[in-house]
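Here are my notes on the model you asked about. Have the viewer open while you read, and click on each residue as it comes up.

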Amino acid sequence: QVHLVESGGGLVQAGGSLRLSCADPGRTFGTWTIGWFRQAPGKEREFVARISWSGTSTYYIDSVKGRFTISRDNDKNTVYLQMNRLKPEDTAVYYCARVQGVSDPDNFWGQGTQVTVSS
């Protein structure tokens, strides 16, 4: 059973920073690529970033490139998303998931963590 736990969200002013964590207590990450996704109110869930098992390959959507950094600690079974220079349009519930291909989630979703950026 895949059960990922996201944390680290909160309320921050525009320009601020947050670091999200995606924990894998069931140790199901294996050699999977892991991705972060987000869903803003009234919008579909969108892919944000991904990181390979080794951590040597990362990919970001254009709107977060240069502001967000994805990383992982396989010893701790945790993936992180460092978010800097946050913008109001980053407001969303953020989720992590195992990723197949470019950005296809395997659809085992956790509860997500809310990020709210005030202007």
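The points below go through this predicted model, starting with a sheet and ending with the charged pairs.

1. **The open sheet.** Let's begin with an open sheet of 4 strands, whose order is S1-S3-S8-S7, with antiparallel pairing. S1 and strand S7 (68–73) are the edge strands, each of them pairing on one side only. From one strand to the next, the twist averages 15°. Try tracing the order on screen before you move on.

2. **Where S1 meets S3.** S1 pairs with strand S3 (residues 18–23) in the antiparallel sense, and 3 bridges hold the pairing. Which residue of S3 does Glu6 stand opposite? The partner is Cys22. Glu6 itself belongs to strand S1, which covers residues 5–7.

3. **Glu6, a charged residue on the inside.** This is one to zoom in on. Glu6 is buried and yet has no salt bridge. Which side chain of opposite charge is nearest to Glu6, and how far away is it? It is Arg45, at 7.1 Å. A salt bridge needs the nitrogen and oxygen within 4 Å, so a gap of 7.1 Å does not count as one.

4. **What Glu6 does reach.** The side chain of Glu6 has backbone partners instead. A polar atom of that side chain lies 3.0 Å from the backbone nitrogen of Cys96. The Glu6 side chain also reaches the backbone nitrogen of Gly112, again at 3.0 Å. Leaving out residues up to four places away in sequence, Glu6 touches a whole list of others, including Ser21, Trp36, Tyr94, Gln111 and Thr113.

5. **Thr113, on the other side of that contact.** Thr113 sits in strand S11 (residues 113–118). Is Thr113 buried or exposed? Its relative accessibility is 8%, so Thr113 counts as buried. A polar atom of its side chain lies 2.9 Å from the backbone nitrogen of Gly9. Beyond its neighbours within four places in sequence, Thr113 is in contact with several residues, among them Glu6, Ser7, Gly8, Leu20 and Val93.

6. **Ala23, for contrast.** Go back to strand S3, where you will find Ala23. Ala23 has 27% relative accessibility and therefore counts as partly exposed. Setting aside residues up to four places away in sequence, Ala23 touches His3, Leu4, Val5, Asn77 and Thr78. If you want a distance to check, the C-alpha atoms of Ala23 and Gly35 are 12 Å apart, and these two are 12 residues apart along the chain.

7. **Strand S4 and its two partners.** S4 (residues 33–39) is mostly covered, with 5 of its 7 residues buried. S4 runs antiparallel to strand S9 (residues 92–100), and 7 bridges join them. Within that pairing, Gln39 has Val93 as its bridge partner. S4 is also antiparallel to strand S5 (residues 46–51), through 5 bridges. There, Ile34 stands opposite Ile51. In a regular strand, side chains alternate between the two faces of the sheet.

8. **The turn between S4 and S5.** How many residues lie between S4 and S5 in their hairpin? There are 6, and Gly42 in the turn has a positive phi of about 75°.

9. **Charged pairs.** Side chains of opposite charge can pair when their charged atoms come close. The count of salt bridges comes to 5 here. In one of them, Arg38 and Glu46 have their closest N and O atoms 2.7 Å apart. Arg38 counts as buried because its relative accessibility is 6%, whereas Glu46, at 33%, counts as partly exposed. Both of these residues belong to a network of salt bridges that also links Arg67 and Asp90.

10. **Two more salt bridges to look up.** Arg98 pairs with Asp106, the closest N and O atoms being 2.6 Å apart. Arg98 is buried, with a relative accessible area of 11%, and Asp106 is buried too, at 13%. For another setting, try Lys65 and Asp62, whose side chains meet at 3.1 Å, N to O. Lys65 is partly exposed at 48%, while Asp62 is exposed at 65%.

Notes. Residues numbered from 1 in each chain as written. Predicted model: local features only at pLDDT ≥ 70, side-chain atom pairs only at ≥ 80, totals over all residues. Heavy atoms only, no water. Helix = DSSP H or I, 4+ residues; strand = E, 2+ residues; numbered from the N terminus. Buried < 20%, exposed > 50% of the residue type's maximum accessible area, 1.4 Å probe, protein only. Lys, Arg positive; Asp, Glu negative; His and termini not counted. Polar contact = N/O pair within 3.5 Å; in protein donor to acceptor, adjacent residues only side chain to side chain. Contact = heavy atoms within 4.5 Å. Pairing = 2+ DSSP bridges. Axes fitted to C-alpha atoms, helices over the stretch in contact; angles between N-to-C directions.
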